[in-house]
2 protein chains.
Amino acid sequence: MENVKIFDGIKDGELEKMLSCFDAKHKKFASGNNLPTRRYGEPRLGVILSGEADLVRYDYDGYRNILEHLSQGDVFGEIFMQIEGADELAIVCETKCDVLYMDYKNVIKRCENACEFHSTLVDNILKIMAAKVQKLRTHLEVLSQRTLRTKLLTYFNMTAKQAGSNSFTLPFSLADLADYLYVDRSAMLREMKNLREENLISSRGKHITLT
Amino acid sequence: MENVKIFDGIKDGELEKMLSCFDAKHKKFASGNNLPTRRYGEPRLGVILSGEADLVRYDYDGYRNILEHLSQGDVFGEIFMQIEGADELAIVCETKCDVLYMDYKNVIKRCENACEFHSTLVDNILKIMAAKVQKLRTHLEVLSQRTLRTKLLTYFNMTAKQAGSNSFTLPFSLADLADYLYVDRSAMLREMKNLREENLISSRGKHITLT
DNA sequence: ACAAAAAAGTTGCAAATGCAACTTACTGAA
DNA sequence: TTCAGTAAGTTGCATTTGCAACTTTTTTGT
């Protein structure tokens, strides 16, 4: 459980103490199940200990939309789903899942025992949410480009910067890249070909070099 | 100070107590200033009491990019700016600004006095961040549409749903709408004209009706 | 090693879009 | 009331893009 971001910086001994302090419950769900985010009407925080799940929304025309993919260490709960619009959000298991549940109120509440880990946990949750915001902003920045070409170049530049090198391998397939950029795959490959011919990049499959 | 979301649900009496408990400081800045997010190396939370500011990023080619507009009641701070990539984010005053600063550590720390308002404040911050995520997701959903037409229709449908009516007035100018959709303004107006001619909408200026 | 499936790559064509250069309609201050 | 500035609306044209229908290459399971 140590590689779970929400528990970063919390020592093993403390973790146990904390879990009992928070009335944490360990539950198992089969693939296809919806993961609940409340118990007795009270909002809860869930941590995926193992398995894969999706945060999905059902569109106004019933179309299912995956907003986020969750795997080991990821956190979910009412607080992440929110609020106005009250869209049909749900967490759906894609495989069988092990989940650790905590009471949301307990987590954010002032702790009568003044446990040290308490503020660490809150800090971690804030960091997780901030990282989520960052990720969405990055995505938005790429999409803010008006042409396919500049979308690609923006994405490539960001990835190169992250990799610390002009050469890098995409973290997913080219088809997935097209989905991420929300463009037609063949149009994207055509544009990559153009970039290649103009010697702005060289690429083969998922491996790309800026030149 | 009562209409400030971060202080929602905290009573006046408590607020004063809290501000001293958090060692809150009131500062004024002139237009054009950068708002700091640390003091003596310690991260701080800022609340805009009055004035306007922007969260800006400086691109790799030095281009200035406004990520978010902040006005009365909005919160800023390291935790919202984050992390990896360590982009050149800054908060820049657009007008003179009144800012209330709090020590981040104090805010998230277990409170020795076990103050009631403490958990309320943390809850509010989490809600603010969740709302931010929601807003970004919504934006992303609109941009995920591949054509200008469907971008418009998606945005209009969402706005209508929010307004609870097929008739609504845009919360900003048409030029701003084009910016929000990241499309050319004239191309957008042309498409709106098409939609009008096909009787899918009727519109005049910022007032739109779905039909 | 082979077949089958998945991913990558290609291309023609019609339609959508950005861009530029306008005109027309509002709105607010002197 | 008029003038100036801003927002809305229009249009032609070159370019970009989505879409569909492929081929080629790579990966995977047996």
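Which residues touch the most other members of the largest nonpolar core? In this predicted model, Phe7(A) and Phe7(B) do so, within a core of 52 residues. A nonpolar core is a set of buried Ala, Val, Leu, Ile, Met, Phe, Trp, Tyr and Cys residues joined through side-chain atoms within 4.5 Å; buried means under 20% relative accessible area, exposed over 50%, and partly exposed in between, with a 1.4 Å probe and protein chains only. A second, separate core has 22 residues, among them Val142(A), Phe156(A), Leu177(A) and Ile201(A). In soluble globular proteins, nonpolar side chains tend to be buried together.

Residues are numbered from 1 along each chain as its sequence is written, and chains are lettered from A and ligands numbered from 1 in the order in which they are written. Because the model is predicted, local features need pLDDT of at least 70 and side-chain atom pairs count only at pLDDT 80 or more, whereas totals for chains, interfaces and linings use all residues; side-chain values use heavy atoms, with hydrogens and water left out.

Chain A contains seven helices and eleven strands, where helices (H or I, at least four residues) and strands (E, at least two) are DSSP runs numbered from the N terminus. Of its 211 residues, 48% count as buried. Strand E10(A), residues 201–204, shows an alternation of side chains: Ile201(A) and Ser203(A) point to one face and are buried, while Ser202(A) and Arg204(A) point to the other and are not. Four bridges join E10(A) to the antiparallel strand E11(A), residues 207–210; two strands pair if DSSP finds at least two bridges between them. Ser203(A) stands opposite Ile208(A) of E11(A). Two residues lie between the strands of this hairpin, in which Gly205(A) takes a positive phi near 60°.

In chain B, three strands form an open antiparallel sheet in the order E9-E11-E10. Strands E9 (167–169) and E10 (201–204) of chain B stand at the edges, each with a single partner strand, so one side of each is left without a neighbour in the sheet. Neighbouring strands are turned by 15° against each other on average, direction ignored; axes are lines fitted to C-alpha atoms, for helices over the stretch in contact, and angles run from 0 to 180 degrees between N-to-C directions. Helix H7(B), residues 185–197, packs on the sheet and touches E10(B) and E11(B), its direction making about 130° with that of E10(B). Contact means heavy atoms within 4.5 Å.

DNA strand C is surrounded by 20 residues, the closest being Leu174(A), Arg185(A), Lys193(A), Leu148(B) and Arg204(B); a residue is near a strand if one of its heavy atoms lies within 4 Å of it. A backbone N or O atom of Gly205(A) lies 3.1 Å from a phosphate oxygen of DNA strand C, and a polar side-chain atom of Ser186(B) lies 3.0 Å from a base nitrogen of that strand. H7(A) gives the most to the surface near DNA strand C, with five residues.

DNA strand D is likewise surrounded by 20 residues, and the closest are Leu148(A), Arg190(A), Arg204(A), Leu174(B) and Lys193(B). Sugar and phosphate account for 47% of the atoms of DNA strand D within 4 Å of the protein. Phosphate oxygens of this strand lie 2.3 Å from a polar backbone atom of Leu148(A) and 3.0 Å from one of Gly205(B). The largest share of the surface near DNA strand D, five residues, comes from H7(B).

Key
A polar contact is a pair of N or O atoms within 3.5 Å; within protein, one must be able to donate a hydrogen and the other to accept it, and residues adjacent in sequence count only if both atoms are side-chain atoms.
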